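Grab a pencil and work through a few exercises on one protein model. Try each task yourself before you read its solution.

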Amino acid sequence: MTRAECFRLLGLPSDSSEADIRKQYKKMALRLHPDVNPDPLAHEAFIRLTKAVEIILNPDYKEETNSRTSRKSRKESEEEHLERMRVAKMRFEQQKKRQEKDNNQYFLSLTTGMRWSIYKTIMRFSLMLALAMSIEYFLPVHYEKDVLIGSSKSLNNGIIKSNITRIELENNGKYFVQNNAYAWKSAYPEVILETTWFLHTPVKMITSDDYVRYRTVFDFHVGSIRILLILLFLIPLYPYLRRRKTLYFVFLYHLSFWGVGIVTSYILFTHERIIHLLTLGFL
């Protein structure tokens with residue numbers, strides 16, 4: 001390799017300083033080094049790059065002019081090239097096998113042992129909730145008595161209704177409901193809650209005065225996003241049925257393990273829903 005070829009390989013003019021040559025070498029090596037780029041061609045390019053810098057920075061290097069010597073040098077260069085390609089290919093295959101082994105170990109860590117047992121538990125409870133919430137659409141509601149002890153004057157936009165305000169019930173705590181000025185002003189404090197069959201989720205509140213009964217819809221609550229929750233609780237089923245070593249599987253697995261797992265735990269262990277579910281809504 002001549003000095004002119006070396007400078008062309010580096011993309012530098014022949015009068016470049018040593019600092020510029022070293023800077024350009026570091027920049028190109030970051031892309032071509034075998035530890036960064038496993039491609040055999042990149043490895044070969046890195047070797048040629050290193051050789052070019054050695055030639056440029058070696059003041060005692062003399063370009064070969066004798067034809068016989070030149071042919072011998074080219075022959076040796078071709079042999080070295082083939083050997084470097086063989087070594088680079090071997091390293092590439094070794095790295096590929098290591099990566100495949102690491103992927104297999106990671107996949108096994110997700111789908112075996114305690115972690116997989118926890119995942120299956122999350123999947124079963126989430127499917128149970130999805131089934132219960134779906135069936136509740138076709139079952140009658142419970143009627144529970146409570147007392148309205150306070151309401152807010154501020155209004156907000158809700159998920160399914162507008163003009164949402166916060167109320168406080170004596171037994172069930174604080175909720176957001178659709179604001180109904182006539183109901184708040186003239187109704188008795190005693191109210192009746194319509195709750196779903198299995199989870200006892202409040203969906204409507206009934207108030208009354210001397211003449212009229214008012215039905216007010218609950219908002220910002222589990223009942224107002226039931227359809228979205230049903231779809232969310234069905235997600236863990238897909239990774240369970242289709243265990244594949246793909247990025248899609250890993251994404252849905254972690255979404256199910258952490259996202260669906262946290263939401264499922266919150267739904268089950270608040271407002272005594274797990275008791276209502278285990279007793280099929282009778283308690």
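Below are three exercises, each with a worked solution.

This is a predicted model, where local features need pLDDT of at least 70, side-chain atom pairs count only at pLDDT 80 or more, and totals for chains, interfaces and linings use all residues. Residues are numbered from 1 along each chain as its sequence is written, and side-chain values use heavy atoms, with hydrogens and water left out.

**Exercise 1. Trace the barrel**

Work out the strand order of the closed barrel.

Step 1: Strands here are DSSP runs of E with at least two residues, while helices are runs of H or I with at least four, all numbered from the N terminus. Two strands pair if DSSP finds at least two bridges between them.

Step 2: Start with S1 and S2 (residues 164-169), which run antiparallel and are joined by 3 bridges. Here Leu148 sits opposite Leu169 in S2.

Step 3: Hop on to S3 (residues 173-178), which is antiparallel to S2 and joined to it by 6 bridges. Leu169 turns up again, with Gly173 in S3 as its bridge partner. S2 and S3 make a hairpin, with 3 residues between them.

Step 4: On to S4 and S5 (residues 202-208), an antiparallel pair with 4 bridges. Leu193 faces Met205 in S5.

Step 5: Put it together: the 6 strands go S1-S2-S3-S6-S5-S4, with antiparallel pairing.

**Exercise 2. Two helices that cross**

Describe how H5 passes H7.

Step 1: Find H5 at residues 113-136 and H7 at residues 226-233; their axes come within 8 Å and cross at roughly 145°. Axes are lines fitted to C-alpha atoms, for helices over the stretch in contact, and angles run from 0 to 180 degrees between N-to-C directions.

Step 2: List who touches whom, with contact meaning heavy atoms within 4.5 Å. H7 brings Arg226, Leu229, Ile230 and Phe233, and among the H5 residues are Leu127, Ala130 and Met133.

Step 3: Sort the contact residues: 7 are nonpolar, 2 polar and 2 charged. Nonpolar means Ala, Val, Leu, Ile, Met, Phe, Trp, Tyr, Cys and Pro; charged means Asp, Glu, Lys and Arg; the others, Gly among them, are polar.

**Exercise 3. Strands and side chains**

Say where the side chains of a regular strand go.

Step 1: In a regular strand, side chains alternate between the two faces of the sheet.

Terms used. A crossing is left-handed if the near helix is turned anticlockwise from the far one by less than a right angle, and right-handed if clockwise.
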